[in-house]
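I opened this notebook to keep a careful record of what I looked up, one topic at a time. My topics are a sheet, a cavity and some pairs of aromatic rings.

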Amino acid sequence: MSKIKIRYSVRELQEKYEVGNKKPLEDLMRAWQGIKELDPNDLNSFFVIGGYHGEPFEGPGKVKKDYWGGYCNHGNVLFPTWHRVYVHKIEQALQSIDGCSEVTLPYWDETTEESLKLGIPWALTNETFILDGVLINNPLRSYVLQQAVGDSKRGDNQAYTKPKGYETVRYPLSGLVSAEYAIKTQNHNFAFSDYVMNQILLNKNVKAWLHGSKVTSDVINPQKDGIFYQYKTCLDAPNYTAFSNTTSAQEWNKQENTSIVVALESPHNDIHLAVGGFDADGSEYGQIPGANGDMGENNTAALDPIFFFHHCNVDRMFWLWQIKQDKTDKFEIIPFFPGTSTNYSDNGQGPAVGQQENEHLKMDTPLSPFLKDQNDPDSYYTSNDCINIEKQLGVTYSAGSFTDIVLEESNPKTRKLKVYGINRSLFAGSFIIRAFITIDEKPHYLGRYSVLSRWNTNNCANCQTHLGVSAFFDLSDFSDDEIKRAKFSIKIHHRGETLPDQLKYDFEVIE
Ligand SMILES: [Cu+2]
């Protein structure tokens, strides 16, 4: 294989640009502009590649409710590897543009000090960019749909159906433009018509999510429920299965005598909600209710270019986990563990396009639709083909946040709170669970857990009885005596309607 290419962080490209070495960032912009302008039938076009993740839906998902209509894998063990090849594919498309063969996809290093202080790198949010002396719309800030996309066929409530010419949006804006929501969205967006102000609000929101609960403007003080802490903690996961996805991690955490594993998918989910917007107890966090950007839903997330800079970082974290856990050449999927089935009741998503019901996901399961050889329709990538990114994909990452981190010995005796029995099907779409412990009338906040869910869960008759969600919270800050006197409670935040009187859940302290 030819020499290994390096993926730099967006900020590294910005720094070069700012001291006069403009070519790397300009070529990146050129490449993105290029794939966005390709014919929407071209396999290298942004429309085709961005559309693999969710809409436009394909396969049985177009008509069957318990099938997911996109190709992406969430809540199952293929989450890291499927997205690894996805990032590789868009990078190849970028390299296919004239003069861009040396371009690599940069990562948004979400856990650097700059990200904690400033939020998103400006190259991903600025309104304009000067390319070859011409002022253009920044190709990385949005995408204007070349064709309409819809989710109507599968029996969703059509919330995420969007016409040709629609431009993707982020927090604080709403992108719900289908008939049912159009007027509400128009009114909401009318209040946020200043592009620069919106960028400031977006970064404020992202910083709040990165830091966690007790956000104080620019202080670097990440909390346990923030994205920074979750990314850091996921590196401790002892095996690929629990590391890879929320379903498997949830099962893994039910065990006694283990510290809480955070799946890579968890902080990943939170970035989606942070960029897209989510009504997480708006007033308390100073967040704006009614924001509903494209990144916040799997249906449309990959149609916003920032998706790929986010997922490049997710992939970098995957690679860092492999390095730290000595798994750069081999890792395994625990057979038949929760998170290894395509079923909706197992992973909350259902079979992706190309998968069957009751399929058992393994290292050699095809990562559809990605082919190694475009002329050979059977040459699907599998997880086995993307274990070592340097040897198998010819790329690696520059040094970024957590590259030099030395893992602390994790305490296997961590006492944890398990919240369980929450029926996911009571909620339309994603929701957030926040847990509290009250000792002698004094409440303390334990943390937050996001559940990314399909908008149409209510329609899924099949899964009503199965979809119990569990969440786990670290209790190591409290003594035996305090735990004995403690009362536990949760708050749930969601954007769909809920049926609170049917909401049941329970608590258990696991030693
Ligand atoms: Cu994602």
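**Entry 1, the sheet.** Before anything else, I note that I am working with a predicted model. I began with strand β6, which covers residues 431-439 and is joined to β7 by 9 bridges, the two strands running antiparallel. As one example of how residues face each other across these strands, I looked up Thr 438 and found that its bridge partner in β7 is Pro 443. I then asked which strands make up the sheet as a whole, and in what order. The sheet is an open one of 3 strands, in the order β7-β6-β9, with antiparallel pairing. Its edge strands are β7, residues 442-451, and β9, residues 487-494, each of which pairs on one side only. From one strand to the next, the twist averages 20°.

**Entry 2, a cavity beside β7.** Next I turned to enclosed spaces, and I recorded that the structure holds 3 cavities of 30 Å³ or more. I chose the second largest, whose volume is about 40 Å³. Which residues line this second largest cavity? They are Gln 230, Ser 266, Asn 269, Asp 270, Arg 448, Tyr 449 and Ser 450. Strand β7 comes back here, since β7 and helix α11 (265-276) are the elements that give two or more residues to the lining. Sorted by character, the lining residues divide into 1 nonpolar, 4 polar and 2 charged.

**Entry 3, aromatic pairs.** I moved on to the rings, and I wrote down that the structure holds 28 aromatic pairs. I reminded myself that a pair of aromatic rings is described by the distance of the centres and the angle of the planes. For Phe 46 and Phe 308, the ring centres are 6.0 Å apart and the planes stand at 70°, so I entered the pair as edge-to-face. This pair links distant parts of the chain, with Phe 46 in helix α3 (residues 46-53) and Phe 308 in helix α13 (residues 306-324), 262 residues apart. I also checked whether they are buried or exposed, and both Phe 46 and Phe 308 are buried.

The rings of Tyr 107 and Tyr 397 have centres 5.7 Å apart and planes at 80°, so this pair is edge-to-face. It too links distant parts of the chain, 290 residues apart: Tyr 107 lies in the loop between α4 (79-95) and α5 (113-118), and Tyr 397 lies in strand β4 (residues 395-397). Tyr 107 and Tyr 397 are both buried.

Lastly, I looked up an aromatic cluster, whose members include Phe 46 and Phe 308, along with Trp 32, Tyr 143 and Phe 370.

Conventions. Residues are numbered from 1 along each chain as its sequence is written. This is a predicted model: local features need pLDDT of at least 70, side-chain atom pairs count only at pLDDT 80 or more; totals for chains, interfaces and linings use all residues. Side-chain values use heavy atoms; hydrogens and water are left out. Two strands pair if DSSP finds at least two bridges between them. Helices (H or I, at least four residues) and strands (E, at least two) are DSSP runs, numbered from the N terminus. Axes are lines fitted to C-alpha atoms, for helices over the stretch in contact, and angles run from 0 to 180 degrees between N-to-C directions. On a 1 Å grid over the protein atoms alone, a cavity is a set of points where a 1.4 Å probe fits but cannot get out, and a pocket is an open set with protein on both sides within 12 Å along at least five of seven lines; lining residues have an atom within 4 Å of a point. Grid points are joined across faces, edges and corners, and a volume is the space filled by probe spheres set on the points. Ala, Val, Leu, Ile, Met, Phe, Trp, Tyr, Cys and Pro count as nonpolar, Asp, Glu, Lys and Arg as charged, and the others, Gly among them, as polar. Rings of Phe, Tyr and Trp (its six-membered ring) pair if their centres lie within 6.5 Å; planes under 30 degrees apart count as stacked, over 60 as edge-to-face and the rest as tilted. Buried means under 20% relative accessible area, exposed over 50%, partly exposed in between (1.4 Å probe, protein chains only).
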